Amino acid sequence: MWKQLRIWSFTLAAILLIIALQATLGTHKVGQKQTVAQKTTSSLPKGVKASDWDLVLVNKQHMLKHEMNFPKATLEGKIVDQRIVSAVEDFQKGAQQAGYATTLVSGYRSIADQTQVFNQVLQNNEAGGDSYDKALAATKAVVQTPGSSEHHTGQAIDLAGNDALAKYPGLEGAMDQFASQKWLIEHAPDYGFILRFPADKKGMEETGIDYESWHFRYVGVKNAKYMTKHHLTLEAYVKELNNRAKKQSQS
Ligand SMILES: [Zn+2]
């Protein structure tokens with residue numbers, strides 16, 4: 001009788017202990033989640049808005065209908081937004097000082113230029129015997145649809161280490177095997193640039209574009225450092241800034 005009671009009370013104590021443990025762990029998990037979400041929103045840089053000139057978002061979902069109007073300047077024969085000239089120069093100078101010569105492969109491209117490139121490739125594909133639909137799909141796979149390229153903003157640059165460019169003149173993700181390209185990717189935020197199309201799965205889903213180890217976008221030092229630290233694409237960052245603005249207007 002006493003023995004049975006003792007076994008029962010042990011079992012009961014054990015069950016209670018398990019329930020208590022589960023409850024604690026469960027609460028802990030929820031608490032952690034809340035902390036992470038709160039941290040990301042409350043730590044967003046102050047005084048930054050999604051409508052800032054250097055955060056303009058151009059992609060397939062946010063296509064430009066008209067050419068953008070901005071002050072233009074020429075660097076290495078390429079046009080960029082005049083407001084990013086010193087950032088590009090400093091970025092290249094920094095690379096040079098680290099021992100890497102670089103080439104500015106491209107900068108601003110107008111919608112009109114992009115249309116010309118697009119139509120040329122489309123015509124070539126059709127001349128190769130493709131039906132119009134097939135030729136169009138093949139063209140879209142390699143050329144950005146006019147109006148959807150970030151190069152229309154003048155704030156995007158294709159920048160390559162000279163040795164990486166010599167091996168991959170057509171620009172390929174594998175250029176990042178070179179120390180020069182690695183340096184550019186690693187130090188871009190110090191000069192206000194982000195690697196715009198990252199290699200990770202989440203990033204590719206957000207941008208809708210495959211990894212580009214050479215395409216950098218100017219967003220300013222504060223934004224670039226924050227985005228890089230928190231692994232945010234421009235799409236994700238703009239969304240968070242818009243969420244914050246919505247919350248602030250509600251409160
Ligand atoms: Zn590019």
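## A walk from the core outwards

The largest nonpolar core of this predicted model has 37 residues, and the ones with the most contacts inside it are A188, F193, I194, F216, V219 and M227. Quite a few parts of the fold chip in: α2, β4, α5 (162-167), α6, β5, β6, α8 and α9 each give two or more residues to this core. To place those names, it helps to know that the protein chain has nine helices and six strands. Its length is 251 residues, and buried residues make up 28% of them. Take the contacts in the chain with a separation of 6 or more: 70% of these come from residues 24 or more positions apart.

**The sheet**

Now for the strands. Four of them form an open sheet in the order β3-β4-β6-β5, and the pairing is antiparallel. Why is one side of β3 and of β5 left without a neighbour in the sheet? These two strands stand at the edges and each has a single partner strand, so there is nothing from the sheet on the other side. From one strand to the next, the twist averages 45 degrees.

Here is how the strands are joined, with one bridge from each pair as a landmark:

| Strand pair | Bridges | One bridge pair |
|---|---|---|
| β3 (residues 102-106) and β4 | Four bridges | L104 and L159 |
| β4 (residues 156-161) and β6 | Three bridges | A156 and R217 |
| β5 and β6 | Four bridges | F193 and Y218 |

What about the strands β4 and β6? Six of the seven residues of β6 (residues 212-218) are buried, so β6 is largely enclosed by the rest of the structure. Much the same goes for β4: five of its six residues are buried, so the rest of the structure largely encloses β4 too.

F216 is a good residue to click on if you want to see how β6 fits in. L195 stands opposite F216 in β6. Leaving out residues up to four places away in sequence, F216 touches I157, L159, A188, F193, I194, L195 and R196. Three of the residues it meets, A188, F193 and I194, are also on the list of those with the most contacts inside the core, and so is F216 itself.

**Helix α2, lying on the sheet**

Which strands does α2 touch? This helix packs on the sheet and touches β3, β4, β5 and β6, with its direction at about 145 degrees to that of β3. There is a neat length check to do here as well. Helix α2 (residues 85-97) has 13 residues, and at 1.5 Å a residue they should span 18 Å; the end C-alpha atoms are 18 Å apart, which agrees.

The buried residues of α2 are A87, V88, F91, Q92 and A95. They cover an arc of only 130 degrees around the axis, which puts them on the same side of α2. Turn to the face pointing away from that buried side and you'll find the exposed residues Q96 and Q97. Just after α2 comes G99, which takes a positive phi of about 105 degrees.

**I185 in helix α6**

Next, look at I185, whose place is in helix α6 (residues 179-187). Is I185 buried or exposed? It has 21 other C-beta atoms within 10 Å, and a residue counts as buried from 20 upwards, so I185 is buried. Not counting residues up to four places away in sequence, I185 touches D176, L195 and S213. You can also trace a line from I185 to P198: these two are 13 residues apart along the chain, and their C-alpha atoms are separated by 10.0 Å.

**Helix α8 and what follows**

Last stop: helix α8 (residues 221-229). Here N223, A224, Y226 and M227 are buried. What do the buried residues of α8 pack against? They pack against β5 (193-197) and α9 (234-250). M227 is also one of the residues with the most contacts inside the largest nonpolar core. Just after α8, H231 takes a positive phi of about 50 degrees.

**Putting it together**

To sum up, the sheet has the order β3-β4-β6-β5, and helix α2 packs on it. Helices α2, α6 and α8 are among the elements that give two or more residues to the core.

Definitions and conventions: Residues are numbered from 1 along each chain as its sequence is written. This is a predicted model: local features need pLDDT of at least 70, side-chain atom pairs count only at pLDDT 80 or more; totals for chains, interfaces and linings use all residues. A residue is buried if 20 or more other C-beta atoms lie within 10 Å of its own, exposed if 12 or fewer, and partly exposed in between; C-beta atoms are placed from the backbone. Two residues are in contact if their C-beta atoms, placed from the backbone, lie within 7 Å. Two strands pair if DSSP finds at least two bridges between them. The expected span of a helix is 1.5 Å times one less than its number of residues. The arc is that of the directions from the helix axis to the C-beta atoms. A nonpolar core is a set of buried Ala, Val, Leu, Ile, Met, Phe, Trp, Tyr and Cys residues joined through C-beta atoms within 7 Å. Axes are lines fitted to C-alpha atoms, for helices over the stretch in contact, and angles run from 0 to 180 degrees between N-to-C directions.
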